[in-house]
Amino acid sequence: MKMLSRLLTAALTATALLTAQAQAAPLVLATKSFTEQHILSAMTTQYLAKKGFQVTPQTNIATVISRNAMINKQIDMTWEYTGTSLIIFNHINKRMSPEESYNTVKKLDAKLGLVWLKPAEMNNTYAFAMKRERAEKEGISTMSQLVERVEHFRQTDPKHNWMLGLDLEFAGRSDGLKPLQQVYNMPLDRPQIRQMDAGLIYTTDGRMKGFDLKALVDDKGFFPSYAVTPVVRKDVLDANPGLEEALDTLSSLLNNDVITTLNAKVDIDHETPQQVAREFLQQKGLL
């Protein structure tokens, strides 16, 4: 009986130590600095807490910094976009279908110990948008039509005020403004460009609905797929049974219409990302 008591005590002590270690090292989630990512951060933190995981969210982390931190095991998981990994991290500029993009980055990043889980059925790519009323008045629904219209006025009526709002990152990215100009034969004068805050010109931005904007069709297929996907270090997945299933559950709930509606609740209705995430998870029966 004494021997059994000692064994039970040792087992309980070991269990307590393992529990303490788990509590002392919560999962670190890094997300970027715009509305959609703030909502994903809140959604992930709340849902994983319900599933028994402890999560420390780190928000407003720059893309490259987040990537390096994952590789260096300073963070455990993030919500990343297939196009970002394909072009920015892996320097591949070949045009691919959404499926090809996902399979390519999944294979390449596996070599670094990073696992791409289930991609959401949404595409947060760059897009040009116009006020719907003006776009319809001008007869513009595609990028080519926009370029043709802007160039017409640039040549015939320089005083006609056409201005393009671009965020700083897009202006300097390898998949950004300069290659776009080459594909669409799109000359621009400096006064026609105005720099804007990040997050203002994405296809899933909540203000697309709130301000009744019309996203123009990328008729030459310039912009790659940017499917948002949970990315987790392999060693973290191995050490946390159930984590993959939980993140895939969240991913399966997202599509362009869902995330645009959620973004609008923050950007237009001024709810907090935490409120929006909680309401959404409750509606889905996950909290």
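Biologist: Which strands does helix α3 (residues 63-71) lie across, and at what angle does it run to β3?

Modeller: In this predicted model, helix α3 lies across β1, β3 (77-81), β4 and β9 (228-233), and it runs at about 135 degrees to β3. Helix α4 (residues 82-89) lies across β3, β4 and β9, running at about 80 degrees to β3.

Biologist: What is the order of the strands in the open sheet, and what is the pairing?

Modeller: The five strands follow the order β2-β1-β3-β9-β4, and their pairing is mixed. The edge strands are β2 (55-58) and β4 (114-116), each of which pairs on one side only, and the twist from one strand to the next averages 30 degrees.

Biologist: How do you know that β1 (residues 27-30) and β2 count as paired, and in which sense do they pair?

Modeller: Two strands are taken as paired when at least two bridges are found between them. Four bridges connect β1 and β2, in the parallel sense, and one of the contributing partnerships sets L27 against V55 in β2.

Biologist: What makes the pairing of β9 with β3 count, and which way do these two strands run?

Modeller: The requirement is at least two bridges, and β3 is joined to β9 by five, with the strands running antiparallel. W79 stands opposite P230 in β9. The pairing of β4 with β9 is antiparallel too, over three bridges, and there the bridge partner of L114 is R233 in β9.

Biologist: Why is β9 described as largely enclosed by the rest of the structure?

Modeller: Buried means under 20% relative accessible area, and six of the six residues of β9 are buried, so the strand is largely enclosed by the rest of the structure. V228, P230 and V232 point one way from β9, while T229, V231 and R233 point the other way, and all are buried. In a regular strand the side chains alternate between the two faces of the sheet.

Biologist: Why is the pair of F222 and F223 called edge-to-face?

Modeller: Ring centres must lie within 6.5 Å for a pair to count, and planes over 60 degrees apart make it edge-to-face. The ring centres of F222 and F223 are 5.1 Å apart and the planes stand at 75 degrees, so the pair is edge-to-face. By this rule the count comes to two aromatic pairs.

Biologist: What makes F222 and F223 count as buried?

Modeller: The cut-off is under 20%; F222 has 10% relative accessibility and therefore counts as buried, and F223, at 13%, counts as buried as well.

Biologist: Why is T125 called buried, and where along the chain is it placed?

Modeller: T125 has a relative accessible area of 8%, which is set against the limit of 20%, so it is buried. Its place is in the loop between β4 and β5 (129-131), and its C-alpha atom is separated by 6.7 Å from that of F223, although the two residues are 98 residues apart along the chain.

Biologist: Which residues have the most contacts inside the largest nonpolar core, and how many residues does this core have?

Modeller: The core has 48 residues, and those with the most contacts inside it are M43, L48, M77, V232, L243, L254 and L262. Helix α2 (residues 35-50) gives the most to this core, with six residues. Not counting residues up to four places away in sequence, L48 touches F53, V55, M77, L243, A246 and L247. A second, separate core of 22 residues includes A135, Y184, L188 and F222.

Biologist: Why does N93 count as exposed?

Modeller: Exposed means over 50%, and N93, at 54% relative accessibility, therefore counts as exposed. N93 is found in the loop between α4 and α5 (98-110), and its C-alpha atom is separated by 8.9 Å from that of P224, 131 residues apart along the chain.

Biologist: What is the phi of N185, and what is that of H270?

Modeller: Most residues other than glycine have a negative phi. N185, which is not a glycine, has a positive phi of about 50 degrees, and H270, also not a glycine, has a positive phi of about 65 degrees. N185 lies in the loop between α9 (177-184) and β7 (193-196), and H270 in the loop between α13 (256-267) and α14 (273-283).

Biologist: Why do N185 and H270 count as exposed?

Modeller: Against the cut-off of over 50%, N185 has 62% relative accessibility and so counts as exposed, and H270, at 65%, counts as exposed too.

Key: Residues are numbered from 1 along each chain as its sequence is written. This is a predicted model: local features need pLDDT of at least 70, side-chain atom pairs count only at pLDDT 80 or more; totals for chains, interfaces and linings use all residues. Side-chain values use heavy atoms; hydrogens and water are left out. Axes are lines fitted to C-alpha atoms, for helices over the stretch in contact, and angles run from 0 to 180 degrees between N-to-C directions. Contact means heavy atoms within 4.5 Å. Buried means under 20% relative accessible area, exposed over 50%, partly exposed in between (1.4 Å probe, protein chains only). Rings of Phe, Tyr and Trp (its six-membered ring) pair if their centres lie within 6.5 Å; planes under 30 degrees apart count as stacked, over 60 as edge-to-face and the rest as tilted. A nonpolar core is a set of buried Ala, Val, Leu, Ile, Met, Phe, Trp, Tyr and Cys residues joined through side-chain atoms within 4.5 Å.
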